[in-house]
Amino acid sequence: VANSEKSKITVNGKECKSKEESEPIPLEVGAGKNIIAVQVIAENGDSRQYTVTVVRLAPSDDNSLKSLHLSGYGSWDRRFKPNVLNYTYTVPYRVESITLTPRANHIMSKIKINGKECKSNKKSELIPLQVGKNEITIEVTAENGDVQKYTVIVVRLAPSDDNSLKSLRLSGYGSLDPKFNPKVLNYTYSVPYAVKSITITPAVNYKMSKIKINGVECKSNWRSKPIPLQVGKNEITIEVTAENGDVQKYIVIVVRLDPSDDNSLKSLRLSGDGSLDPEFRPNVLNYTYKVPYAVESITITPAVNFKMAKIKINGVECRSNWRSRPIALKVGKNEITIEVTAENGDVQKYTVIVVRLDPNDDNSLRSLTPSGNGGSLDPEFNPEVFNYNYTVTNTVESIAIIPVVNYKMSKIKINGKE
């Protein structure tokens, strides 16, 4: 690009317009062999020459790979290194084809995989695999034409014969008998009558194995669809098919028990500072419970012996081991019924007669103690004696009286103050 539009330019003696490309200039390999003279002639005839020496490098002999990646979830026998030419790569049977992604160390190198061109750092075409050894060659051609060959033996494993389970879990509050072992094929599993269906969660030992439960496919480590249960024995089959087609069958006999006839209580607690008479026993059905007049209501906390039994207190449902709603009490006898219904529908009734006592007429003191560092009461305190003398020194300007009632619900006033 000339500084002045009136100037003329020649490149190696050939005219070239300013701001335009020259004719192509051939280059020789080596240093000092490509000298380009750029002459600029001003409008007044003065000229100036610029010289550019172009060094064309020799072609690269780098025919190595920088990296090599293979698909297929396989494992290498060694870590890739550019100067190591032979490798083994092992893949599972399920991998029927793979791709290779080779990356040349020099950008001008060319790559062929099994004779087919492949761009550097791009995935190759899919290469089908047979069971056993599959030889794959990666040829890297340097810029100077030198060729280096990498060889990968891809070993596609034979199909697995593993048709065992790693674990087996069932819903329904039961326990397998015997404890699960992959080599044990037959089990019993007992559940309460309340369990009307169960789910099964099997997990295969080899991830390509397939599972069917009662003929229905189920994914490994996923819960099956609910399986309905009849009362008594229910046979459930878990078929595990190995990758090679071999089948192994696990059988679980799920026993759904008959409904329980247990309609007893395990415990019975009442609020109100009373005590049951007699002491609670599951097979004793009738009780008396006395509370003071001050107790105007009570709560009852029953607990069933069998968790599926139901409870009603005076006809109102109550959860096991939960307090009932407050039950109002009249003075005298209050009959409270606790009905326990077994799982099979049998009912047993517990009856508690809660006696709310009449208001107490005890208005006596149990003790009377004055402070003041005086002597002692004269006469000595007696609940039936109402008048006393108590002498203190002239330094005592005030005293306190500590009275204790004989009946805890009684109230006290001293000189009219509570």
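The legends below describe close-up views of a predicted model.

**View A. The largest pocket of the predicted model and the residues around its centre.** The space in the largest pocket comes to about 490 Å³. Its lining is made up of 24 residues, of which Leu365, Leu368, Phe381, Phe386 and Tyr388 lie closest to the centre. Two elements, β35 (365-370) and β36 (401-405), give two or more residues each to this lining. Sorted by class, the lining residues of the largest pocket divide into 16 nonpolar, 5 polar and 3 charged.

**View B. The second largest pocket, with Val1 and Ala2 among the residues closest to its centre.** About 380 Å³ of space is found in the second largest pocket. There are 22 lining residues here, and Val1, Ala2, Ile9, Val40 and Tyr50 are the ones closest to the centre of the pocket. At least two lining residues come from each of β1 (8-11), β3 (35-41) and β4 (47-53), and β4 provides the largest share, with 3 residues. By class, the lining of the second largest pocket holds 10 nonpolar, 6 polar and 6 charged residues.

**View C. The largest nonpolar core, with Ile338 among its most connected members.** This core contains 24 residues, and those with the most contacts inside it are Leu265, Leu268, Leu270, Ile338, Val352 and Val354. The strands that each supply at least two residues of the core are β25 (265-270), β27 (286-291), β29 (300-304), β30 (310-313), β33 (332-341) and β34 (347-356). When neighbours within four places in sequence are left aside, the contacts of Ile338 include Leu265, Leu268 and Val352, which are also listed among the core residues with the most contacts. The other contacts of Ile338, under the same exclusion of sequence neighbours, are Pro302, Ile311, Lys312, Ile313, Gln348, Lys349 and Tyr350.

**View D. Thr301, a buried residue of strand β29.** Thr301 belongs to strand β29, one of the strands that supply at least two residues of the largest nonpolar core. The relative accessible area of Thr301 is 6%, and because this falls under 20%, the residue counts as buried. Apart from neighbours within four places in sequence, Thr301 is in contact with Ser267, Leu268 and Arg269, and also with Asn321, Trp322 and Arg323. Among these partners, Leu268 is also in contact with Ile338.

**View E. Ser124 and the cysteine Cys118 that it contacts.** Ser124 is placed in the loop between β11 (116-117) and β12 (127-128), and with a relative accessible area of 12% it is buried. Leaving aside neighbours within four places in sequence, Ser124 has contacts with Thr99, Leu100, Ile113 and Cys118. Cys118 is itself buried, at a relative accessible area of 10%. Another cysteine, Cys318, also counts as buried, with 12% relative accessibility, and the search of the whole structure for disulfides finds 0.

**View F. Asn181 in the loop between β16 and β17.** The loop that holds Asn181 runs between β16 (176-177) and β17 (186-191). Asn181 has a relative accessible area of 34%, and it is described as partly exposed because that value lies between the limits of 20% for buried and 50% for exposed. Asn181 and Ser164 are separated by 17 residues in sequence, while the distance between them in space, C-alpha to C-alpha, is 9.8 Å.

Technical notes. Residues numbered from 1 in each chain as written. Predicted model: local features only at pLDDT ≥ 70, side-chain atom pairs only at ≥ 80, totals over all residues. Heavy atoms only, no water. 1 Å grid on protein atoms, 1.4 Å probe; cavity = no way out; pocket = protein on both sides within 12 Å on 5 of 7 lines; lining within 4 Å. Points joined across faces, edges and corners; volume = space filled by probe spheres on them. Helix = DSSP H or I, 4+ residues; strand = E, 2+ residues; numbered from the N terminus. Nonpolar A, V, L, I, M, F, W, Y, C, P; charged D, E, K, R; others polar. Disulfide = S-S within 2.5 Å. Buried < 20%, exposed > 50% of the residue type's maximum accessible area, 1.4 Å probe, protein only. Core = buried A, V, L, I, M, F, W, Y, C linked by side-chain atoms within 4.5 Å. Contact = heavy atoms within 4.5 Å.
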